[in-house]
Amino acid sequence: MNAGNTISHDLNSDEAELNRQLTICNACRYCESYCAVFPAMTQRLDFNSADMHYLANLCHNCGACLHACQYALPHEFAVNIPRAMARMRLHTYTDYAWPRALGGLYRRTGTRLALALGLTLSLILVLTMLNEGTLLKQVAGGNFYAILPHDSLNAMFGGIFGFAVIAITTGLRSFWQGIAPPQERTRSISDAILATTQDTLMLKNLGGGHGEGCNEQNDTYTLARRRFHHLTFYGFLLCFASTSVATAYHYFLGLQAPYAFFSVPVLLGTLGGLGLLFGPAGLLYLNIHRHPDHGDADQRPIDRGFILLLFIISLSGMLLLAMRQTTVMPLLLAIHLGFVMAFFLIMPYCKFIHGFYRVAALLKSALKS
């Protein structure tokens, strides 16, 4: 399926297929130690819709179970847990989206839409600068706010980011209420949160159950996806920390941007930017070359759209830092802010959301351990 098409999977047929495969796995149990999915699966004899949403988001799509499975194709049972789980996750993202009417956007936020939205918003900013005569203006000290005032940027991004936070937390709350009723808790919340935090920060479930990594293209194990995920995840956190420190500088310390290269915000942003360059680049390479039976191939344009957004944001940000005292700074600023705004707009309805649902599933798993 090309990047411009809408993904169409039927919930009832996907639930029936995942139920069938989980029933086979529950009888076999060869992969019981591979990841958090299989111990959680063996705690139930049948699987309702909430169970399948939970297990699907607990799955990290490492591919280890597929390569170990004696019932995978060409066997007549045709078991492919990574693909069945990926298709179920698509329903999680769309069905729990808030507002519900916007859930269908997830099926459309592929590479073309992500790039088109980023380029359109960048073009609007370019035309605005051109109209105000600031497009190719060299600014003393590389002061971005001489091009776009601080208050204008706050107004531009504050509302969009606030909506994204509300949309994500509302959807996540509904998901949690659906999969984890309070009476199922068998472990203290503090212990479960600690275990979930460790699993999240280490990406334990991308170790394939043996710590040697995922199966990307064949039966060979590799830790590449875990490492690229780490670069992306920690790069994003460092960039967020950079923005937070800069905000504290501005409002609490009265220190105005631009900041020196060896200042805390710039150092954090530079390290984060490097992580968001190499991490997404590696993930994109793995996504393009991944085995066709791993996961849902129809969703790969969605994955790539999200990865490309992160990469372009980071690349434009690094170029902006390096060339902030040149005449191309306003143009780079328009491109960077256009793609950042595009990311914020589709954040609740793109692959970014998978991390939140996965952490919630890990927390439920930890509560039941």
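**Exercise 1. Charges on the chain**

Find how many positive and negative side chains the protein chain has, and how far apart the centres of the two sets lie.

*Solution.* Start with the counts: in this predicted model, the protein chain carries 26 positive and 21 negative side chains. Next, take the centre of each set; these two centres are 5 Å apart.

**Exercise 2. The overall build**

Describe the secondary structure of the protein chain, then decide how its radius of gyration fits the globule rule for 369 residues.

*Solution.* Step one is to count elements: there are 13 helices and two strands. Step two is the comparison: the radius of gyration is 22 Å, and the globule rule gives 21 Å for 369 residues. The two values are close, so the chain is as compact as a globular protein of that length. Step three adds the dimensions: along the principal axes, the C-alpha atoms fill a box of roughly 70 × 45 × 40 Å.

**Exercise 3. Inside and outside**

What share of the 369 residues is buried, and what share of the accessible surface belongs to carbon and sulfur atoms?

*Solution.* Begin with the inside: buried residues account for 49% of the 369 in the chain. Now turn to the outside: the accessible surface is about 17200 Å², with 63% of it belonging to carbon and sulfur atoms. Finally, look at how the chain meets itself: among contacts with a separation of 6 or more, 77% are between residues 24 or more positions apart.

**Exercise 4. A covered helix**

Work out how many residues of helix H3 are buried, which helices they pack against, and which residue caps the N-terminal end of H3.

*Solution.* First, locate H3 at residues 49-58; eight of its ten residues are buried, which makes the helix mostly covered. Second, name the buried residues: Asp51, Met52, His53, Tyr54, Leu55, Ala56, Asn57 and Leu58. Third, find their partners: they pack against H1 (11-28), H2 (37-41), H5 (81-95), H7 (150-179) and H13 (354-368). Last, look at the N-terminal end, where Asn48 is the cap: one of its side-chain oxygens is 3.1 Å from the backbone nitrogen of Ala50.

**Exercise 5. Two residues in helices**

Is Ser316 buried or exposed, and which residues does it contact beyond its neighbours within four places in sequence?

*Solution.* Place Ser316 first: it sits in helix H11, residues 300-322. Its relative accessibility is 5%, and the cut-off for buried is under 20%, so Ser316 counts as buried. Then follow its side chain, which reaches the backbone oxygen of Ile313 at 3.1 Å. Here a general point helps: an α-helix has 3.6 residues a turn, so residues three or four places apart point the same way. Setting aside neighbours within four places, Ser316 is in contact with Ile335 and His336.

For practice, try Gly282 in helix H10 (residues 264-289). With a relative accessible area of 7%, Gly282 is buried. Gly282 and Arg225 are 57 residues apart along the chain, yet their C-alpha atoms are separated by 7.8 Å.

**Exercise 6. A histidine in a loop**

Where is His210, and which backbone atom of Glu212 lies 3.0 Å from a polar atom of its side chain?

*Solution.* Find the loop between helix H8 (189-202) and strand E1 (214-215); His210 is there. Its relative accessible area is 31%, so His210 is partly exposed. Now check the side chain of His210: it reaches the backbone oxygen of Gly208 at 3.3 Å, and one of its polar atoms lies 3.0 Å from the backbone nitrogen of Glu212. For a distance across the model, take Ser174: it is 36 residues from His210 along the chain, and the C-alpha atoms are separated by 33 Å.

**Exercise 7. Backbone angles in loops**

Classify the peptide bonds Leu73 to Pro74 and Trp98 to Pro99, then give the sign of phi for Arg29 and Ala78.

*Solution.* Take the peptide bonds first. The bond from Leu73 to Pro74 is cis, with omega near 15°, and Pro74 lies in the loop between H4 (64-68) and H5. The bond joining Trp98 and Pro99 is cis too, with omega about -10°; Pro99 is in the loop between H5 and H6 (111-132).

Now the phi angles. Arg29 has a positive phi near 65° and lies in the loop between H1 and H2. Ala78 also has a positive phi, near 50°, and belongs to the loop between H4 and H5. Arg29 is partly exposed at 36% relative accessible area, and Ala78 counts as partly exposed at 27%.

Methods
Residues are numbered from 1 along each chain as its sequence is written. This is a predicted model: local features need pLDDT of at least 70, side-chain atom pairs count only at pLDDT 80 or more; totals for chains, interfaces and linings use all residues. Side-chain values use heavy atoms; hydrogens and water are left out. Buried means under 20% relative accessible area, exposed over 50%, partly exposed in between (1.4 Å probe, protein chains only). Helices (H or I, at least four residues) and strands (E, at least two) are DSSP runs, numbered from the N terminus. Contact means heavy atoms within 4.5 Å. A polar contact is a pair of N or O atoms within 3.5 Å; within protein, one must be able to donate a hydrogen and the other to accept it, and residues adjacent in sequence count only if both atoms are side-chain atoms. The radius of gyration is taken over C-alpha atoms; the globule rule is 2.2 Å times the number of residues to the power 0.38. Accessible areas come from the Shrake-Rupley method with a 1.4 Å probe; for residues, only the protein chains shown count as cover. Lys and Arg count as positive and Asp and Glu as negative; His and the chain ends are not counted. The place of a charge is taken as NZ of Lys, CZ of Arg, CG of Asp or CD of Glu.
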